[in-house]
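Let's take a walk through this structure, starting with a charged pair and working inward. Have the sequence and the picture open as you read.

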Amino acid sequence: MEKLGQTIKHSIDEVSVPKEKLEWTVNGAISNAKMQRKRPMNQQQFMMGIASLLMIGVVSILFSSIVLTGNENGIKGTFATIGDERLQKVAEEGLTETVNKVIENKNMTFKINETYYDSSMLAISFSLSVAEEAFEHNNEIPFQYIDAIINGERFTFSLPFRFTQEHNVLEEVLVIEQVKNFPEVVSIDVAIPELADGGVKSSEELVTVEVTKNKEETIKDVYAKSEHAEDRFIVEQVSITPSQVTVTAKTQQIIEDHFDDFKLNQTYGVVVVGQEEDGFVYQWPQLFSVSTYKDHSEVTHQYASYQSEIRMSKDSGSNHFYIVPYSQSEEKIVKQMQLKRGEKITISQTSMEIVKVEDTETETLLTMEVTNKMMHFPFQMMQAYDKSNDELYQPLYFSQPEEGVMKLAYPKIENKEDAMIYMQNITLYDELGVEVNLE
């Protein structure tokens with residue numbers, strides 16, 4: 001594990017894009033193209049993404065910072081206003097539970113605001129405020145984590161934050177995804193934070209909240225299989241809950257005489273690619289998380305087996321898509337090129353060269369020559385980054401109008417001389433893509 005961590009750090013340090021911009025690359029958390037917005041990332045989310053990609057842990061614990069401004073539909077409340085489409089959706093549908101438990105504790109106010117629980121996730125929101133009196137001897141008061149006991153298991157959520165007089169309120173949402181075996185009613189004991197030793201610590205006192213599961217769930221046994229050169233990719237099951245769609249899939253790759261090297265040097269994942277319509281691909285489901293782990297029960301001297309769980313949005317415009325497996329070595333995580341004519345990048349044995357860069361009123365369009373047409377090209381993984389403005393651009397759509405040519409569109413990028421394109425360095429098993437239609 002230590003060697004793996006050093007390899008990751010070395011790969012990150014070699015990339016000229018700031019570390020906080022790389023979360024999309026590592027964990028495949030790709031935003032819906034319809035949002036068409038530029039998104040800052042933080043370094044901590046990126047490191048969590050690395051852990052997810054490299055299967056350091058199977059349980060996924062996610063959190064999001066909150067800006068309480070109300071969403072586009074005017075719905076107020078913690079879940080409705082964060083950038084997590086799952087929680088926005090269930091809040092809009094009135095499926096969340098308001099808690100409003102308030103605890104006063106030595107110049108601090110701790111409040112549990114809202115909860116949600118279904119077969120695919122459990123979420124709890126809280127706020128923590130520090131009174132003005134607490135800053136008499138400290139300009140900053142550090143906060144690192146919060147502890148909770150959920151379904152009898154202890155969780156520590158890392159939430160680094162520094163309270164100041166200007167920023168004396170922290171509001172967070174804690175999300176646990178691996179809840180399949182949780183009971184219908186879950187008891188959550190949260191350690192009440194307290195001021196101690198110049199910072200905020202978890203006290204021995206607990207506040208308890210009970211959450212009841214929303215049991216609405218549709219399960220579809222798909223078992224769609226693709227095979228190529230003795231390798232297999234199988235989409236097994238689709239689960240649809242009020243918050244999201246969860247797809248389980250399995251990759252089986254023949255390894256024969258290279259079993260030991262394969263186990264040490266390869267990691268696996270999947271990408272989701274939208275359906276082509278009239279030569280263009282515009283939409284794909286927004287991915288919330290992708291986790292892949294070795295299925296040791298099915299590993300033999302001939303095959304290595306990997307189980308994947310893909311969590312995605314329920315966007316009605318993205319019900320038809322393809323899931324494609326990929327592998328990645330530890331050697332180099334990201335590839336990059338400048339946004340200008342003549343630049344080249346090679347991904348998954350496909351070489352791409354920019355031959356034209358042009359602007360419309362609202363878009364920047366790249367025309368690239370490619371060595372071969374990919375059936376399921378994950379174009380949404382090719383992000384553009386403007387170094388001068390520190391802005392990250394998501395691709396809007398792509399097309400392959402003729403053999404050897406690909407066109408890729410972004411929101412209009414003004415400072416092209418300072419812009420670059422970068423993408424996760426993967427080996428995509430294009431022939432193993434499996435079609436999924438949720439309609």
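K416 counts as buried, because its relative accessibility is 18% and the cut-off for buried is under 20%. Keep in mind that this is a predicted model. What does K416 pair with? It forms a salt bridge with D359, and the closest N and O atoms are 2.5 Å apart. This pair ties together distant parts of the chain: D359 sits in strand β20 (residues 350–359), while K416 is in the loop between β25 (405–411) and β26 (419–424), 57 residues apart. D359 is partly exposed, at 37% relative accessible area.

There are other bridges to look at, since a search of the whole structure turns up twelve salt bridges. In one of them, K89 meets E93 at 3.3 Å, N to O. K89 is partly exposed at 25% relative accessibility, and E93 is partly exposed too, at 42%. R232 bridges to E227, again with the closest N and O atoms 3.3 Å apart. Then there's a network of salt bridges that links R86, E177, E309 and R311. R86 has another neighbour worth finding: it lies over the face of F288, 4.7 Å from the ring centre.

Now for the nonpolar side of things. In soluble globular proteins, nonpolar side chains tend to be buried together. Here, the largest nonpolar core has 34 residues, and F110, I146, I150, F157, F163 and V190 are the ones touching the most other members. Among the elements that give two or more residues to this core are β3 (108–118), β6 (153–163) and β9 (199–212). A second, separate core has 32 residues, including V273, F398, Y410 and I426.

F163 deserves a closer look. Is F163 buried or exposed? It's buried, with a relative accessible area of 0%. Leaving aside residues up to four places away in sequence, its contacts include L128, F135, I141, F143 and V200.

The rings have a story as well, with nine aromatic pairs in the count. F161 and F163 have ring centres 4.9 Å apart and planes at 80°, so this pair is edge-to-face. Unlike buried F163, F161 is partly exposed, at 24% relative accessibility. Ring pairs also bring in F143, making a cluster with F161 and F163.

Finally, find F379 and F398, whose ring centres are 4.9 Å apart with planes at 35°, so the pair is tilted. F379 comes from the loop between β21 (363–370) and β22 (383–386), whereas F398 belongs to strand β24 (residues 397–402), 19 residues apart. Both F379 and F398 are buried.

Notes. Residues numbered from 1 in each chain as written. Predicted model: local features only at pLDDT ≥ 70, side-chain atom pairs only at ≥ 80, totals over all residues. Heavy atoms only, no water. Core = buried A, V, L, I, M, F, W, Y, C linked by side-chain atoms within 4.5 Å. Buried < 20%, exposed > 50% of the residue type's maximum accessible area, 1.4 Å probe, protein only. Helix = DSSP H or I, 4+ residues; strand = E, 2+ residues; numbered from the N terminus. Contact = heavy atoms within 4.5 Å. Phe/Tyr/Trp six-rings, centres within 6.5 Å; stacked < 30°, edge-to-face > 60°. Lys NZ or Arg CZ within 6 Å of the ring centre and 35° of its normal. Salt bridge = Lys/Arg side-chain N within 4 Å of Asp/Glu carboxyl O.
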